[in-house]
Amino acid sequence: TKTSLQWTPGAKIRDIYGHKPEAGTGHRSVGPQPYSSLKVRPEIRKIMRPQLYETSFLSMGIMAGPDLTKFLDASQGSIPGLIHAVKRFGRHVIDLILFQHGTQLVNGTALTARLMKSGDDLGVKYWVNSPATKLVTDATGAVTGVVAKTPTGIHTIRARRGVVLATGGFPQNVELRKKYFPMTPTGREHWTLAPHTADGAGLRLAESVGGYLKADLESPAAW
């Protein structure tokens with residue numbers, strides 16, 4: 001109610017390994033409601049990542065759940081599905097003509113846009129291509145800031161309230177996958193579409209000040 005971040009329940013999103021015991025048949029995860037990139041300031045749009053081509057149809061994102069179901073129905077000749085697909089793709093073509101990119105954001109791009117719009121409304125500054133290379137601590141060991149490598153040089157950023165490490169997982173880091181997930185002993189049992197920067201850098205920073213990843217690896221729920 002206070003931000004641009006609004007959710008959809010994902011009632012029809014099933015577990016990926018649906019044949020496993022106790023697999024869920026719906027509500028696997030919540031997701032962001034679709035969003036128009038035109039609601040975000042042009043300056044913010046310039047630094048947002050585009051839809052990943054491998055997870056799109058000619059650069060148009062398709063949302064998991066009812067949206068994807070309609071496209072699958074269209075592939076089987078369903079009239080309602082075809083109408084839905086034509087409307088969605090027709091608008092995408094118009095977007096490409098007018099803006100050179102799609103404006104119908106779904107899934108991760110919608111989440112990013114909604115988060116960035118909410119932060120922008122509060123005056124948050126965004127630094128992209130500026131990885132944190134070190135955590136700054138005080139005499140007690142408390143984290144008080146970060147050292148970031150930015151396009152304009154090395155900067156130390158002091159935190160007034162705290163530092164949040166959003167690790168983004170580590171699917172691109174084979175060594176961390178081998179360390180934390182014994183079900184993938186070589187770290188190469190699965191391949192990922194995650195960007196190359198999802199390499200566990202945030203987790204490495206946490207470990208440098210005594211943090212660690214705790215999970216019950218014997219429980220499938222922890223996977």
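## Report on a predicted protein model

Among contacts in the protein between residues at least 6 apart in sequence, 49% join residues at least 24 apart. The model is predicted. The protein has 6 helices and 9 strands, and its C-alpha trace spans about 65 × 45 × 35 Å along the principal axes. Of the 223 residues, 27% are buried. The accessible surface comes to about 15400 Å², and carbon and sulfur atoms account for 59% of that area.

### Nonpolar cores

The largest nonpolar core has 8 residues: Tyr35, Val40, Ile44, Met48, Leu105, Ala110, Ala113 and Met116. With 3 residues, helix α4 (residues 107–121) gives the most to this core. A second, separate core consists of 5 residues, among them Met60, Ile62, Ala74 and Ala85.

Val40, a member of the largest core, can be followed further. When its neighbours within four places in sequence are left aside, valine 40 is in contact with Tyr35, Arg45, Met48, Ala113 and Lys117.

### Two helices with a buried face

An α-helix has 3.6 residues a turn, so residues three or four places apart point the same way. Helices α2 and α6 can be read with this in mind.

In helix α2 (residues 66–75), the buried residues are Asp67, Phe71 and Ala74. Viewed down the axis of α2, these buried residues fall within an arc of 55°, so they line one face of the helix. They pack against β5 and α3. Ala74 is also part of the second core. After α2 comes glycine 77, which has a positive phi near 90°.

In helix α6 (residues 201–208), Gly202, Leu203, Leu205 and Ala206 are buried. Their arc, seen down the axis of α6, is 160°, so these residues too line one face of their helix. The cover over the buried residues of α6 includes β7 (132–137) and α5 (174–180). Glycine 210 follows α6, and its phi is positive, near 100°.

### A nonpolar patch on the surface

Nonpolar side chains are also found outside the cores. Leu38, Val93, Ile94, Ile97, Leu98 and Phe99 form a nonpolar patch on the surface, and together they have about 540 Å² of accessible area. One of these residues, leucine 98, lies in helix α3 (residues 79–99). Is leucine 98 buried or exposed? Its relative accessibility is 55%, so leucine 98 counts as exposed, the cut-off being over 50%.

### Residues with a positive phi

Most residues other than glycine have a negative phi, and most peptide bonds are trans. Histidine 27 has a positive phi although it is a residue other than glycine, and leucine 58 likewise has a positive phi without being a glycine. The table gives their values beside those of the two glycines that follow helices.

| Residue | Phi | Place |
|---|---|---|
| Histidine 27 | near 55° | loop between β1 (7–8) and β2 (31–32) |
| Leucine 58 | about 50° | loop between β4 (56–57) and β5 (60–61) |
| Glycine 77 | near 90° | following α2 |
| Glycine 210 | near 100° | following α6 |

How do histidine 27 and leucine 58 stand with regard to the surface? Histidine 27 has a relative accessible area of 54% and is therefore exposed. Leucine 58, at 45% relative accessibility, counts as partly exposed, because that class lies between the cut-offs of 20% and 50%.

Methods. Residues numbered from 1 in each chain as written. Predicted model: local features only at pLDDT ≥ 70, side-chain atom pairs only at ≥ 80, totals over all residues. Heavy atoms only, no water. Core = buried A, V, L, I, M, F, W, Y, C linked by side-chain atoms within 4.5 Å. Buried < 20%, exposed > 50% of the residue type's maximum accessible area, 1.4 Å probe, protein only. Helix = DSSP H or I, 4+ residues; strand = E, 2+ residues; numbered from the N terminus. Contact = heavy atoms within 4.5 Å. Patch = residues over 30% accessible without salt bridge, like charges linked within 9 Å, V, L, I, M, F, W, Y side chains within 5 Å. Areas by Shrake-Rupley, 256 points an atom, 1.4 Å probe, with all protein chains shown as cover. Salt bridge = Lys/Arg side-chain N within 4 Å of Asp/Glu carboxyl O. Arc of directions from axis to C-beta.
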